[in-house]
Amino acid sequence: MQIKSLSDIPDALFWPLKQWVEQSNLNLNILVGFSLILIVLITLGWSIMTRKIGKVQDERTAKIYLTASSIMLSANLACDIIFPTDYLMNQFRMIKYIIMFLAGLIYLFTKYRANYKFNPNKPGNFQWQSVDDGFLMVVD
């Protein structure tokens, strides 16, 4: 495939995937099955992280979730620009959701790891140490 303008770059990037998927039904089933497995795992990880961080009831968690949502929206917009719209639309939509939720999950995980430190004196208890807010809250 020849690249003649900037709009041909996404097609040139994903053209080998299109050819591989169109070779047989098994290849399409592999792509769809792998995508569904990733969606289930990322959704499970998202629900675990939201349970660990807490509900959207205070300023701390609301800010975390709003930032995660804006990162997901940015990933969605970037995927809309990058992915082609001529072929494999449903499959690329699934991959777009995988990338979008993975970006939000990575943000939640890094925020959780940065703010929740394991307390070695009391195994099983976590401490909330917010670098941004400057307070310490012990959760039993």
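Helices are DSSP runs of H or I with at least four residues, and strands are runs of E with at least two. Counted this way, the chain has four helices and three strands. The model is a predicted one.

**Figure 1. The whole chain runs from helices into strands.** From the N terminus on, the order of elements is α-α-α-α-β-β-β. The chain holds 140 residues, and buried residues make up 34% of them. Its accessible surface comes to about 9400 Å². Carbon and sulfur atoms account for 64% of that surface. Contacts also reach along the sequence. Among those between residues at least 6 apart, 53% join residues at least 24 apart.

**Figure 2. The largest nonpolar core has 14 residues.** Trp-46, Ile-53 and Leu-108 touch the most other members of this core. Helices α2 (25-53), α3 and α4 each supply at least two of its residues. Helix α4 gives the most, with six residues. In general, nonpolar side chains tend to be buried together in soluble globular proteins.

**Figure 3. Leu-108 and its contacts.** This view centres on one of the core residues that touch the most other members. Neighbours within four places in sequence are left aside here. Leu-108 is then in contact with Trp-46, Met-49, Thr-50 and Ile-53. Its contacts also include Ile-64, Tyr-65 and Ala-68.

**Figure 4. A second core is separate from the largest one and has nine residues.** Phe-14, Val-21, Tyr-87 and Phe-92 are among its members.

**Figure 5. A salt bridge within helix α1 joins Glu-22 and Lys-18.** The count of salt bridges comes to two, and this view shows the pair formed by Glu-22 and Lys-18. Their side chains meet at 2.8 Å, N to O. Glu-22 and Lys-18 are four residues apart in helix α1, so about one helical turn separates them. How do the two partners differ in exposure, buried or exposed? Glu-22 is exposed, because its relative accessible area of 53% is over 50%. Lys-18 is buried, because its value of 13% is under 20%.

**Figure 6. A salt bridge between helices joins Lys-96 and Asp-80.** Side chains of opposite charge can pair when their charged atoms come close. In this view, the side chains of Lys-96 and Asp-80 meet at 3.0 Å, N to O. The pair links distant parts of the chain. Lys-96 is in helix α4 and Asp-80 is in helix α3, 16 residues apart. Lys-96 counts as buried, because its relative accessible area of 13% is under 20%. Asp-80 is partly exposed, because its 41% lies between the two cut-offs of 20% and 50%.

**Figure 7. The surroundings of Lys-96.** Lys-96 lies in helix α4, which covers residues 89-115. Residues up to four places away in sequence are not counted here. Lys-96 touches Asn-76, Cys-79, Asp-80 and Phe-83. With Asp-80, the side chain of Lys-96 also makes a polar contact of 3.0 Å.

**Figure 8. Four residues make a nonpolar patch on the surface.** Ile-9, Leu-13, Ile-81 and Ile-82 form this patch of about 390 Å². Helices α1 (9-23) and α3 (59-82) each give two or more residues to the patch. Ile-9 has its place in helix α1. Is Ile-9 buried or partly exposed? Ile-9 is partly exposed, because its relative accessible area of 34% falls between 20% and 50%.

Terms used: Residues are numbered from 1 along each chain as its sequence is written. This is a predicted model: local features need pLDDT of at least 70, side-chain atom pairs count only at pLDDT 80 or more; totals for chains, interfaces and linings use all residues. Side-chain values use heavy atoms; hydrogens and water are left out. Patches are made of residues with over 30% relative accessible area and no salt bridge: like charges are joined within 9 Å, nonpolar side chains (Val, Leu, Ile, Met, Phe, Trp, Tyr) within 5 Å. Accessible areas come from the Shrake-Rupley method with a 1.4 Å probe; for residues, only the protein chains shown count as cover. Buried means under 20% relative accessible area, exposed over 50%, partly exposed in between (1.4 Å probe, protein chains only). A polar contact is a pair of N or O atoms within 3.5 Å; within protein, one must be able to donate a hydrogen and the other to accept it, and residues adjacent in sequence count only if both atoms are side-chain atoms. Contact means heavy atoms within 4.5 Å. A nonpolar core is a set of buried Ala, Val, Leu, Ile, Met, Phe, Trp, Tyr and Cys residues joined through side-chain atoms within 4.5 Å.
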